[in-house]
Amino acid sequence: MNLIISTIGQGLIWSLLAVGLFITFRILDFPDMTVEGSFPLGAVTSIMLIQQGYSSEFSLLIAFIYGALAGFVTAFLYTKLKIPVLLSGILTMTGLYSVNLRILGKANMSLTKPQNIFNKYGMDKLPVNFNGIILGIILITIIIGLLMLFLNTEKGQALIVTGDNEIMASSIGINTTRMKFIGLMSSNGIVALTGGLIAQQNGFADVNMGIGVIVIGLSAIIIGEVIYPDVPLNIRIITIVIGSIVYRLILMVVLQLGFNPNDLKLISAIILSLCLALPTIREQFIHTLKRGVKSNATSTRAK
């Protein structure tokens, strides 16, 4: 039971990463690779600041700001210097590796300070692993609530239109460049915040901990969309949380079946591939079924 509770807590915390990815990949239609650099950026920033005596809350705030600055760099490379979309993110991600090493001073660091956000505010008195669930619910409610409020504003609608049809957005007077800056900065800010949370939860930061996080985030998004297809945008954002929890539960089952933990990245890629292929498989199955029914009907009439 403790394992399931822990897995749900992890799913809630990691769903923040998926929400950040949703802004760029789904709303802005921007395949942003920066997240694999901004995630560890948030982690190393949070751990380093706590080690220097700053509060865990302050470290998460700075992690968010640093992540937003990483998104700013990617947006600048793409919109101002006209570097292709994927290459802009890859360049920023590559540069952040050295930045993360500069901040941390080495490849990894453990958290030796006793205080972190997971054992404050009486959460250390909760049953085992319940602190992750409580903190996850609070943070995801705040982040999703703020995102929904923003998307219902004029600027939020402008961001959506920019992602749907940039040419049309420009023709009606929307500053699409500004929207890309807003989208990329808010997305990477949330991703870096998640990195800080995960680092505090695990008790360490590593400059390589961003490898594969884009697959984790996309898996949560796709699983949520597969479970709840054709729902309004606000509901789609909520389904990300469900997708993240389901994804974590799938990994838990896989590990319980005896698979090697070293294969988790490969398993994550396979899960994402299957989820992406499900709509096509379902469509082909329905098409085959309809064709079979039509063939039987024709055969019956011929008789």
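## Exercises on aromatic pairs, core and salt bridges

With a relative accessible area of 34%, F58 counts as partly exposed (buried is under 20%, exposed over 50% and partly exposed in between, with a 1.4 Å probe and protein chains only). The model is a predicted one, in which local features need pLDDT of at least 70 and side-chain atom pairs count only at pLDDT 80 or more, while totals for chains, interfaces and linings use all residues. Residues are numbered from 1 along each chain as its sequence is written, and side-chain values use heavy atoms, with hydrogens and water left out.

**Exercise 1.** Find the residue that forms an aromatic pair with W14, and work out why the pair is stacked.

*Solution.* Start with the count: the structure holds four aromatic pairs. Rings of Phe, Tyr and Trp (its six-membered ring) pair when their centres lie within 6.5 Å; planes under 30 degrees apart are stacked, over 60 edge-to-face, and the rest tilted. Next, take W14 and F39: their ring centres are 5.3 Å apart and the planes meet at 20 degrees, so this pair is stacked. Then place the partners: W14 belongs to helix 1 and F39 to helix 2 (residues 35-51), so the pair ties together parts 25 residues apart in sequence. Helices here are DSSP runs (H or I, at least four residues), numbered from the N terminus. Finally, check the cover: W14 and F39 are both buried. For practice, try Y54 and F58, another stacked pair, with 5.3 Å centre to centre and 25 degrees between the planes. Y54 is partly exposed, at 42% relative accessibility.

**Exercise 2.** Which residues have the most contacts inside the largest nonpolar core?

*Solution.* First, the rule: a nonpolar core is a set of buried Ala, Val, Leu, Ile, Met, Phe, Trp, Tyr and Cys residues joined through side-chain atoms within 4.5 Å. The largest such core has 75 residues, and F39 and L197 have the most contacts inside it. Its largest share, 13 residues, comes from helix 1 (residues 2-27). Now look around L197: beyond neighbours within four places in sequence, its contacts (heavy atoms within 4.5 Å) are I13, L16, L60, I117, F118, L135 and L139.

**Exercise 3.** Trace the network of salt bridges that links R26, E225 and R236.

*Solution.* The search of the whole structure gives four salt bridges, each a side-chain nitrogen of Lys or Arg within 4 Å of a carboxyl oxygen of Asp or Glu. Step one is E225 with R26, whose closest N and O atoms are 2.8 Å apart. This pair links helix 9 (residues 213-227), home of E225, to R26 in helix 1, 199 residues apart. Step two is E225 with R236, at 2.9 Å between the closest N and O atoms. Here E225 in helix 9 meets R236 in helix 10, eleven residues apart. Step three is accessibility: E225 counts as buried at 19%, whereas R26 is partly exposed at 35% and R236 is partly exposed at 25%.

**Exercise 4.** Where do K180 and E166 lie, given that their side chains meet in a salt bridge?

*Solution.* Begin with the distance, 2.7 Å from N to O. K180 sits in helix 8 and E166 in helix 7, so the bridge ties together parts 14 residues apart in sequence. Then compare the cover: K180 is buried, at 8% relative accessible area, while E166 is partly exposed, at 33%.

Methods: Helix = DSSP H or I, 4+ residues; strand = E, 2+ residues; numbered from the N terminus.
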